[in-house]
Number of protein chains: 2
Amino acid sequence: MAVYTDITDDELAAFLGDYDLGQAVAFKGIAEGVENSNFLLETTTGRFILTVYERRAKPEDLPYFLDLLTWLADHGYPSAKPIADRSGATLKTIRGKPAALVEFLPGLSARRPTVAHCREAGEGLAWLHLAGEGYPARRANDLGQPHWASLFSKHRKDAEGLKPGLAATIDKDLAELALAWPRGLPSGVIHADYFPDNVFFKPDGKFAAAIDFYFACDDAYAYDIAVTLNAWCFESDGSFNITAARALIAGYERRRPLSPAERDAIPILARGAAMRFFLTRLADWGSTPAGALVRPKDPLEYERKLAVHREGLSLFGAGA
Amino acid sequence: MAVYTDITDDELAAFLGDYDLGQAVAFKGIAEGVENSNFLLETTTGRFILTVYERRAKPEDLPYFLDLLTWLADHGYPSAKPIADRSGATLKTIRGKPAALVEFLPGLSARRPTVAHCREAGEGLAWLHLAGEGYPARRANDLGQPHWASLFSKHRKDAEGLKPGLAATIDKDLAELALAWPRGLPSGVIHADYFPDNVFFKPDGKFAAAIDFYFACDDAYAYDIAVTLNAWCFESDGSFNITAARALIAGYERRRPLSPAERDAIPILARGAAMRFFLTRLADWGSTPAGALVRPKDPLEYERKLAVHREGLSLFGAGA
C-alpha cells in the first residue's frame, strides 16, 4: 500500500493537457504497489492507471519497462499498455517525478491462490515468456545470483539481529548457490516479481492479466518459474504445497514445455529465488525508518522458504 | 491513506452472495479515509465502494450514518447511497468487522481549493443542511464544545511536548470558549468533517457530491460552516483567506440564508472548530505507535488556526 505523491488538480489538468483523453472525472490513490504511487484516473473517455515512479526503479530503466509493456500489448499479451501523449511519449513527468499513464485492466488478484489459480498463473507466465521473445532492449538482472553475496555483506548484522546464527547459515547458502547455480538455461524477458498481487483473474477464475513489470529483466525463464513457485505455493503455515506447484508447472507447460535441464534446475533456482527475496526484505527491514508509512515485509518469511528449499524440492520424482 | 483489512476472494464472494450485484471483476484498496478501509469494487453490474469500519466509528452509531446516507439520497442530495442486500440490510459484516456497500460517486476532490471551489462547497453544505431536515434519528456531537475540556485534560503533557507553554494557552482558550459558546442557533444534521477530501466536484468545477459522513451528528448549522471555513480557507502559509471565506458563505447563502445570530456567531464557532481539530489531532499524535501505517496529522496546524481565530475574524465588517 503506498501513495507517496500528492497530485494537485492543476498538476493533473496540466498533465492531461498533453493527451487526447478528455477531462478528469475521478482520481483516487490506490493501495497497490509498494515501490510507486498509483492512481486510478477516470476521464471523460476512459479509465487509466497513473503511476508515479518513486523509489528503486532507476529513471534510466523506465524506458525499458514502458517499451516492454508496449511490446507485450502489441504482441497480444494482457498487460497494461502505456498511453502515448500527442507527441508519442509514454514516459512523462508530474510534480518533477517520472510518471506514466497506462490503460486500466479489470481483474481480481487472488489473495489466497488455489491450485486452480496456480495452474492459470503458470500458463500466464509461459505466455509472457513467449510474448517477450524478440523484444530488442536488454536489462541485466541486478538482483540476480551474482549480486547476492555483496548485498548480504551490507546486512549481516541485520540477519544476526533477526535470528542469532543466521549470518553463518546464509554465508553457507550463498557459497552453495554460487557453486551449483545453473548456466545456459533458456533465457529472455522475465517478470521477476510475478506475485499473486501482480496477476489478475477473470470472474470465472481464468488468467486475465499481469501487472507491475518494474523488476522485469533478462534471465532464465525457469528462474521466473522458481520465483513464482515461492510466491504462490507456500501455505500460511510455511509448508510447501507440492500439488499447487505441479499445477503451476503443468499450466506453464500448456504454453511452453520445459526442457529436462530446466526441470532439473528448478529446485536450486527455487532456493536461489528464496534467497533473493530474503535479501531484499532484509535490506528493506534494516533501512526502513521508524514512522515510515510502509511496513517492511518480514524477511523471516523468506528465510523459512529458504530452509524448505535447503532440503531440496522433488517436483518431478517417480510416481509424482 | 489507509487500508487496514485484507479481504480474501472467498470473503468477497461470500459477501457479494447476499446481493444481486453480479460477480466481482475488479477490487482495489483505495487511499481514502483515515478511519476506515475503503475498496473500489467493480462487479458485472456496476461500481461500488466497500467500507470496512475500523476505528473510532462506534458500531452502535453505524445505523445512524447509513440511514442518514439513505435519507439524503432519497431526498435528492448527492451522497453515496448505501446498497441494501436481498434482506434489506445495509449494515453488514465482513471478516468479523462491520461493513457497508455504497454506490460509487464520480467526482474529483479539490486538493488546492480555489475561491470558486469554496463558493461551490458552501452551496453544497447548505444543500446538505436542508436535505437533512426531518431526518428522524439523533446523534449528539460527542466531539462538541462540552467535551473539549475533558479531552484536553488527558493530553496536556502532549501539548507541552509540542510547544512549551501551550497547555496554559489552551486552558485559557477553553475557558473563554465555554463562556462565549453560542446557544440556541438553528441546528440539525451537520457533516462535521466537511474537508476538501470529502467533497467532489464535476469537471466544470461545480459541486458534485459529499462523502464520508462518519462524524455526522446534531449540532448548529453555523458550526458546520465554521469547521468548513477552517478546512478550506487557510493558505498553506497559515494565513486566512477572507475572500475564500466570504465566497464560501455566499455560496452557502444561495441555498440557506444565515440569520444575524448565525453570522455573529461564526467567529467564535470558528475558534471552537479549530480547537476541536487541534484536540483530536493532539490525541492521535500522542497515541499513534511508532511504526504505524498512518502518519498522524500535525496538531500544530490547527494550533496556528486557533491563534488566528483568537484575534477574532471579521467576515462581515463594514465595507467588507
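Reader: Is B:Arg139 buried or exposed in this predicted model?

Author: The relative accessible area of B:Arg139 comes to 9%. Since the cut-off for burial is under 20%, a residue with 9% falls on the covered side, so B:Arg139 is classed as buried.

Reader: How many residues apart in sequence are the parts that B:Arg139 and B:Asp61 tie together?

Author: B:Arg139 and B:Asp61 form a salt bridge in which the closest N and O atoms are 3.1 Å apart. B:Arg139 belongs to the loop between helix 3 and helix 4 (148-153) of chain B, whereas B:Asp61 belongs to the loop between strand 3 (46-52) and helix 2 (62-74), so the pair joins parts whose separation in sequence is 78 residues.

Reader: What is the relative accessibility of B:Asp61?

Author: B:Asp61 is the partner of B:Arg139 in the salt bridge just described, and B:Asp61 too counts as buried. Burial is assigned under 20%, and the relative accessibility of B:Asp61 is 14%.

Reader: Which residue of chain B meets the side chain of A:Asp6 in a salt bridge?

Author: The N to O distance in this salt bridge of A:Asp6 is 3.1 Å, and the partner is B:Arg111. The pair crosses between chains, running from the segment before helix 1 (9-16) of chain A to the loop between strand 5 and helix 3 of chain B. Both partners count as partly exposed, A:Asp6 at 42% relative accessibility and, at 27%, the residue asked for, B:Arg111.

Reader: Which residue meets the side chain of A:Asp218 in a salt bridge, at 3.8 Å from N to O?

Author: The salt bridge of A:Asp218 is made with A:Arg138. This pair links distant parts of the chain, 80 residues apart, with A:Asp218 in strand 9 (residues 217-220) and its partner in the loop between helix 3 and helix 4 (148-153) of chain A. A:Asp218 is partly exposed at 21%, while 60% relative accessibility counts as exposed for the partner, A:Arg138.

Reader: About how much area do domain 1 of chain A and domain 2 of chain A bury between them?

Author: The domain assignment gives domain 1 as 9-103 and domain 2 as 115-310, and the C-alpha centres of the two lie 26 Å apart. Across the boundary, 23 residues of domain 1 are in contact with 30 residues of domain 2. The size of an interface is often given as the accessible area lost when the parts come together. With 66% of it on carbon and sulfur atoms, the area buried between these two domains of chain A is about 2200 Å².

Reader: How many residue pairs are in polar contact between domain 1 of chain A and domain 2 of chain A?

Author: The charged part of this boundary in chain A is counted as 2 salt bridges. For polar contacts, where both residues must be at pLDDT 80 or more, the number of residue pairs between domain 1 and domain 2 of chain A is 8.

Reader: How many of the 17 residues of helix 3 of chain A are buried?

Author: Helix 3 (residues 115-131) of chain A reaches 24 Å from its first C-alpha to its last, close to the 24 Å expected at 1.5 Å a residue. The buried residues include A:Glu120 and A:Glu123, both of which are linked with A:Lys206, A:Arg254 and A:Arg255 in a network of salt bridges. The helix is mostly covered, the number of its residues that are buried being 12.

Reader: To the backbone nitrogen of which residue does a side-chain oxygen of B:Asn241 reach, at the start of helix 8 of chain B?

Author: Helix 8 (residues 242-255) of chain B has 14 residues and spans 21 Å between its end C-alpha atoms, close to the expected 20 Å. Its buried residues, among them B:Leu248, B:Ile249 and B:Tyr252, are covered by parts of chain B that include helix 3, helix 7 and helix 9. At the start of the helix, the side-chain oxygen of B:Asn241 comes to within 3.0 Å of the backbone nitrogen of B:Thr243.

Reader: What is the relative accessible area of B:Ala192?

Author: B:Ala192 is not a glycine, yet it has a positive phi of about 75°. Its place is the loop between strand 6 (187-190) and strand 7 (199-201) of chain B. B:Ala192 is buried, and its relative accessible area is 6%.

Terms used: Residues numbered from 1 in each chain as written. Chains lettered and ligands numbered in written order. Predicted model: local features only at pLDDT ≥ 70, side-chain atom pairs only at ≥ 80, totals over all residues. Heavy atoms only, no water. Helix = DSSP H or I, 4+ residues; strand = E, 2+ residues; numbered from the N terminus. Expected span 1.5 Å × (residues − 1). Buried < 20%, exposed > 50% of the residue type's maximum accessible area, 1.4 Å probe, protein only. Contact = heavy atoms within 4.5 Å. Polar contact = N/O pair within 3.5 Å; in protein donor to acceptor, adjacent residues only side chain to side chain. Domains from an automatic or database assignment. Buried area = accessible area lost by both parts, 1.4 Å probe. Salt bridge = Lys/Arg side-chain N within 4 Å of Asp/Glu carboxyl O.
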